[in-house]
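Subject: Structure handover

Hello,

Here is the structure I promised you. Please open it and keep it beside this email as you read.

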Amino acid sequence: TGSFSKKDRSYIEDVIHGVLKNNDEIDSLIEKNAIGWKLNRISKVDLAILRLGIYEIMFREDIPYTVTVNEAVEMAKKYSTGESGSFINGIFSKIPKGAK
């Protein structure tokens with residue numbers, strides 16, 4: 001089962017299943033707030049980061065909004081392009097905590 005703690009495994013399973021279960025709703029929010037961008041034009045890494053973050057914003061009350069946004073921006077800077085952090089931050093700035 002790897003080196004993840006029980007708490008980490010629980011979080012990972014929740015977000016994977018949660019994103020998959022709510023994918024249409026999450027993607028709709030992304031498309032609505034990514035003005036001028038279709039989902040198929042957003043890099044797969046950025047899309048994965050956005051989906052994870054939006055799931056947390058919508059359904060995980062235990063994670064503060066600012067933590068979600070900061071982590072998403074840092075992941076984008078580390079794993080995607082130089083502009084991805086700003087792009088992702090711009091989309092999150094239009095999505096309030098608890099949005100649905």
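Setting aside neighbours within four places in sequence, serine 84 is in contact with Asp46 and Ala76. Please remember that this is a predicted model. Serine 84 sits in helix α5, which covers residues 84–92. Is serine 84 buried or exposed? Its relative accessible area is 1%, and the cut-off for buried is under 20%, so serine 84 is buried.

The side chain of serine 84 also has polar partners. One polar contact, of 2.8 Å, links it to the side chain of aspartate 46. Another, with a distance of 2.8 Å, links it to the side chain of threonine 81. So that you can place Asp46 again later: isoleucine 88 touches Asp46 too.

Now the core. The largest nonpolar core has 24 residues. Which residues have the most contacts inside it? They are Ile30, Ile42, Leu50, Ile54, Ile88 and Phe92. Five helices each supply at least two residues of this core: α1, α2 (23–33), α3, α4 (65–79) and α5. The largest share comes from α3, with seven residues.

Take isoleucine 88 as one example from that list. Beyond residues up to four places away in sequence, isoleucine 88 touches Asp46, Ile49, Leu50, Ala72 and Ala76. Leu50 is another name from the list of residues with the most contacts inside the core.

Next, helix α4. Threonine 68 is found there. With 3% relative accessibility, against a cut-off of under 20%, threonine 68 counts as buried. What does threonine 68 touch, not counting residues up to four places away in sequence? The answer is Gly53, Glu56, Ile57 and Ile63.

Tyrosine 65 is in helix α4 as well. At 23% relative accessibility, tyrosine 65 counts as partly exposed. Leaving out residues up to four places away in sequence, tyrosine 65 touches Ile57, Phe92, Ser93, Ile95, Pro96 and Lys97. Ile57 is also touched by threonine 68. Tyrosine 65 and isoleucine 30 are 35 residues apart in sequence, and their C-alpha atoms are 16 Å apart in space.

Follow that contact to lysine 97. Where is lysine 97 placed? Look in the segment after α5. Lysine 97 is partly exposed, with a relative accessible area of 38%. Its contacts, not counting residues up to four places away in sequence, are Glu56, Ile57, Arg60, Glu61, Ile63 and Tyr65. Lysine 97 and proline 64 are 33 residues apart in sequence, yet 8.6 Å apart in space, C-alpha to C-alpha.

Two further residues deserve a look. Serine 28 is in helix α2. Serine 28 is partly exposed, at a relative accessible area of 42%. Its C-alpha atom lies 19 Å from that of threonine 68, and the two residues are 40 apart along the chain.

Tryptophan 37 is in the loop between α2 and α3. Buried or partly exposed? Tryptophan 37 is partly exposed, with a relative accessible area of 34%. Apart from neighbours within four places in sequence, tryptophan 37 is in contact with Ile42 and Phe87. You met Ile42 above, among the core residues with the most contacts.

Last, the pockets. The largest pocket has a volume of about 180 Å³. Which residues line the largest pocket? They are Lys7, Asp8, Ser10, Tyr11, Arg60, Asp62 and Ile63. By class, this lining has two nonpolar, one polar and four charged residues. Arg60 and Ile63 also turn up among the contacts of lysine 97.

The second largest pocket holds about 150 Å³ of space. Its lining is Tyr11, Val15, Ile16, Val19, Ala48, Ile49, Arg51, Leu52 and Met75. Here the classes are eight nonpolar, no polar and one charged. Two helices each supply at least two residues of this lining: α1 (6–21) and α3 (44–59). Tyr11 appears in this lining, and Tyr11 is in the lining of the largest pocket as well. Ile49 is in this lining too, and isoleucine 88 touches Ile49.

Best wishes

How values were computed
Residues numbered from 1 in each chain as written. Predicted model: local features only at pLDDT ≥ 70, side-chain atom pairs only at ≥ 80, totals over all residues. Heavy atoms only, no water. Helix = DSSP H or I, 4+ residues; strand = E, 2+ residues; numbered from the N terminus. Buried < 20%, exposed > 50% of the residue type's maximum accessible area, 1.4 Å probe, protein only. Polar contact = N/O pair within 3.5 Å; in protein donor to acceptor, adjacent residues only side chain to side chain. Contact = heavy atoms within 4.5 Å. 1 Å grid on protein atoms, 1.4 Å probe; cavity = no way out; pocket = protein on both sides within 12 Å on 5 of 7 lines; lining within 4 Å. Points joined across faces, edges and corners; volume = space filled by probe spheres on them. Nonpolar A, V, L, I, M, F, W, Y, C, P; charged D, E, K, R; others polar. Core = buried A, V, L, I, M, F, W, Y, C linked by side-chain atoms within 4.5 Å.
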